[in-house]
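User: Hello! I would like to walk through this model with you, one question at a time. Could we begin with the overall layout?

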Amino acid sequence: RRISEGATADDDSEMRRLANIKFAAYLRTLPWGRGVNAQEHVLFWKDEDVDALLEGSLAYKDATETRATVKMATKVLNAIISPVIRKARAEEEPESKDEGFRFPWQQEPEPESSDEEILEGLEDAVRGAFVIMLSRSFAETVGENTQEDRLEPLLDMLQHSNAPNTECLVKGDGGSIVEVRACKVITSGDELFNRYKSEEDENMPYHKFFTRFGFVPGVVEPVADLIAARSTIFFPQRAEI
């Protein structure tokens, strides 16, 4: 997070250390927070905005389920790492009235945490990690015919196009090599594009593109305006027969 805020060599010692990280320039492009590279993913919305804008739309179920998954992941991670982090920060561990879960190898159960006891900054970090994985990973061919979602540094900076000028082929043991090929003539100064998912994929309609990647392909109009106009992207329409 400190990297994404723009650490410089003139800052304090911690910021100087962050500024000297080899891939700091790339890490600053990752959408840890709302607005980074114009990222407006639904995970960054407030609960009341999700209900007010998306309830009744095709995107509402996906949006609320994904947000619930983030909250659950935050709680699980909080129960595991909170005692260690609080000890390192010299903070007192909050008291818990209820006995929490325990792993088979544990003598004492982990204390259950309520929403008020979530470690400071943890939910933002988990939310940012989810947005990075959802918005920056893309489908690639592994082997001959297998497709899988991958997050490849630098390649994940390419914008989406349904008719891209590059294609990637994953090779090597465990997909350790990614070969990038031009599939069109590319001249100096041309922007490189990748295809995140096929827009013809029946399992990826435009409203799912929005809840997954944070944008609607080919649309520059703000999503809030599309929703206000009850666009067919988000709202099914009845037709008279």
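User: In what order do the elements of the protein run from the N terminus on?

Analyst: This is a predicted model, in which local features need pLDDT of at least 70, side-chain atom pairs count only at pLDDT 80 or more, and totals for chains, interfaces and linings use all residues. Residues are numbered from 1 along each chain as its sequence is written, and side-chain values use heavy atoms, with hydrogens and water left out. Helices (H or I, at least four residues) and strands (E, at least two) are DSSP runs, numbered from the N terminus. The protein has seven helices and six strands, and their order is α-α-α-α-α-β-β-β-β-β-β-α-α.

User: Thanks! What share of the residues of the protein count as buried?

Analyst: Buried means under 20% relative accessible area, exposed over 50%, and partly exposed in between (1.4 Å probe, protein chains only). Areas come from the Shrake-Rupley method with a 1.4 Å probe, and for residues only the protein chains shown count as cover. The accessible surface of the protein is about 15500 Å², with 51% of that belonging to carbon and sulfur atoms. Of the 241 residues, the buried share is 34%.

User: Among contacts between residues at least 6 apart in sequence, what percentage join residues at least 24 apart?

Analyst: Contact here means heavy atoms within 4.5 Å. With residues at least 6 apart in sequence as the starting set, the percentage joining residues at least 24 apart is 53%.

User: How many salt bridges does a search of the whole structure find?

Analyst: A salt bridge is a side-chain nitrogen of Lys or Arg within 4 Å of a carboxyl oxygen of Asp or Glu. One of them joins Lys61 and Glu65, whose closest N and O atoms are 2.8 Å apart. The search of the whole structure gives a total of nine.

User: Staying with that pair, is Lys61 buried or exposed?

Analyst: Lys61 and Glu65 both sit in helix α4, four residues apart, about one turn of the helix. Glu65 has 41% relative accessibility, so Glu65 counts as partly exposed. Lys61 has a relative accessible area of 54%, which means that Lys61 is exposed.

User: Which residues are linked with Lys71 in a network of salt bridges?

Analyst: A good place to start is the bridge between the side chains of Arg127 and Asp124 (2.9 Å, N to O). Both residues lie in helix α5, three residues apart, about one turn of the helix. Arg127 is buried because its relative accessible area is 18%, while Asp124, at 34%, is partly exposed. The network links Lys71 with Glu123, Asp124 and Arg127.

User: Which residue forms a salt bridge with Asp156?

Analyst: The closest N and O atoms of this bridge are 3.3 Å apart. The pair links distant parts of the chain, 20 residues apart: Asp156 is in the loop between β2 (146-150) and β3 (159-160), and its partner is in helix α5. Asp156 is buried, as is the partner, which is Arg136.

User: Which residues touch Phe130, leaving aside its neighbours within four places in sequence?

Analyst: Phe130 is part of helix α5 (residues 122-136) and is partly exposed because its relative accessibility is 25%. Its C-alpha is 9.1 Å from that of Thr66, although the two are 64 residues apart in sequence. The contacts of Phe130 are Leu43, Thr69, Val70 and Ala73.

User: Which backbone oxygen does the side chain of Thr166 reach?

Analyst: Thr166 lies in strand β4 (residues 166-171), and its 4% relative accessibility is why it counts as buried. Not counting residues up to four places away in sequence, Thr166 touches several residues, among them Leu158, Val180, Ile186 and Leu192. At 2.6 Å, its side chain reaches the backbone oxygen of Phe193.

User: Why do Cys168 and Cys183 not form a bond?

Analyst: A disulfide is a pair of cysteine sulfur atoms within 2.5 Å, and the structure holds zero disulfides. Cys168 is buried at 9% relative accessible area, whereas Cys183, at 36%, is partly exposed. The closest cysteine sulfur to that of Cys168 belongs to Cys183, and no bond forms because the distance is too far, at 9.4 Å.

How values were computed
Polar contact = N/O pair within 3.5 Å; in protein donor to acceptor, adjacent residues only side chain to side chain.
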